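Biologist: I am new to this one. Please walk me through it, one question at a time.

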Amino acid sequence: MRRVVVAAAVGVMAQTAYAADMPDYGPLRGALVETPRVINWEGFYVGGQGGYGTSDMDFSNSTSGIASNLLVNTVIENQMSVSSWPVLGKASSHGQGWGAFAGYNAQWDDVVLGVEANYMHGSFGGGATGSMGRQIDYNNVNYRAIYTSSAAINVNDIGSARLRAGYAFGSFLPYAFIGASLGQADIVRTATITGTQGGVPFTPLSATQVQNGHFIYGYAGGLGMDVMLYRGLFLRAEWEYLKFAAPIDTSVSTVRAGLGYKF
């Protein structure tokens, strides 16, 4: 019995010494559990972008004020309310542009909050024309009026001042944002009134209002994804919605791709 115990002890000691001399090789000693790499999104960043989008415009009441001024104290306005006729409606068009962005991120673990200024120069907007005619008999006199209208808006510059919130996982940073929309637009509106009074044509009334470089503003919102490529260089994909309070009710929705660098 004693010989068995001694032999077992010697075997254990030899095995332990052999194991101690083995190289530190993962498959033999057990692979280490790797923790996900944490990307540092905190700091200032800048970038460039290009985009394609849709402009939605409502021209319904865009020339009613001009028509009303033309028809002050006239029978056809007092009796027919010509300036309120629904001559124009809604329209949509497509455009594209390019621009830049800059901002700052603060990071707490995986939560990333930031502020950003975003700008794009392009051609967004469109136009509409329409005409409507009616007639009435008033005090035994026949009145006929034809209201012709046209309006157009071209938004050359759009931008937003944003508050961003994102959640980082791996090299990806999905985010959402809200903010104020800013823009510069060229706006042209024309109203023309023609017709007859008692069968006799009256002098046409017409006026045009032009606003070049008109400042417009509203609110902004959207979603996006930043993907870190290498040492601060990141790729961006984004959707942004801009709503403007302008003489012509206008919104611009764009999808964008960009490349940025975080310092």
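**Loops, core and cavity**

Modeller: Let us begin with a loop. Asn73 sits in the loop between helix 3 and helix 4. Keep in mind that this is a predicted model.

Biologist: Is Asn73 buried or exposed?

Modeller: The cut-off for exposed is over 50% relative accessible area. Asn73 has a relative accessible area of 71%. Asn73 is therefore exposed.

Biologist: What is the phi of Asn73?

Modeller: Asn73 is a residue other than glycine. Its phi is nonetheless positive, near 60°.

Biologist: Where is Asp109 found?

Modeller: Asp109 is not a glycine, yet has a positive phi of about 55°. Asp109 counts as exposed, at 70% relative accessibility. Its place is in the loop between strand 2 (90-108) and strand 3.

Biologist: Now the inside. Which element gives the largest share of the largest nonpolar core?

Modeller: That core has 32 residues; Phe59, Ile76, Val82, Tyr147, Ile153 and Ile158 touch the most other members. Helix 3 (64-70), helix 4 (75-80), strand 3 (111-138), strand 4 (141-167), strand 5 (172-197), strand 7 (205-230) and strand 8 (233-245) each supply at least two residues. The largest share, seven residues, comes from strand 4.

Biologist: How many residues are in the second core?

Modeller: This core is separate. Ile39, Tyr45, Phe101 and Val112 are among its members. It holds nine residues.

Biologist: Which residues does Ile153 touch?

Modeller: Ile153 is one of the core residues that touch the most other members. Leave out residues up to four places away in sequence. Ile153 then touches Met57, Phe59, Phe124, Gly125, Gly126, Ala185, Asp186, Ile187, Ile248 and Thr250.

Biologist: How many residues lining the largest cavity are charged?

Modeller: The search of the whole structure finds one cavity of 30 Å³ or more, and the largest cavity holds about 40 Å³ of space. Its lining includes Ser60, Asn61, Trp85, Leu88 and Tyr147. Four lining residues are nonpolar and seven are polar. The charged count is no residues.

Biologist: Last one. Over which residues does pLDDT stay under 50?

Modeller: The chain has a mean pLDDT of 88, and 86% of its residues reach 70 or more. Where pLDDT is low, predicted coordinates should not be read in detail. The stretch in question has seven contacts beyond four places in sequence. The stretch under 50 is residues 1-35.

Definitions and conventions:
Residues are numbered from 1 along each chain as its sequence is written. This is a predicted model: local features need pLDDT of at least 70, side-chain atom pairs count only at pLDDT 80 or more; totals for chains, interfaces and linings use all residues. Side-chain values use heavy atoms; hydrogens and water are left out. On a 1 Å grid over the protein atoms alone, a cavity is a set of points where a 1.4 Å probe fits but cannot get out, and a pocket is an open set with protein on both sides within 12 Å along at least five of seven lines; lining residues have an atom within 4 Å of a point. Grid points are joined across faces, edges and corners, and a volume is the space filled by probe spheres set on the points. Ala, Val, Leu, Ile, Met, Phe, Trp, Tyr, Cys and Pro count as nonpolar, Asp, Glu, Lys and Arg as charged, and the others, Gly among them, as polar. A nonpolar core is a set of buried Ala, Val, Leu, Ile, Met, Phe, Trp, Tyr and Cys residues joined through side-chain atoms within 4.5 Å. Buried means under 20% relative accessible area, exposed over 50%, partly exposed in between (1.4 Å probe, protein chains only). Helices (H or I, at least four residues) and strands (E, at least two) are DSSP runs, numbered from the N terminus. Contact means heavy atoms within 4.5 Å. pLDDT is the predictor's confidence in each residue, from 0 to 100.
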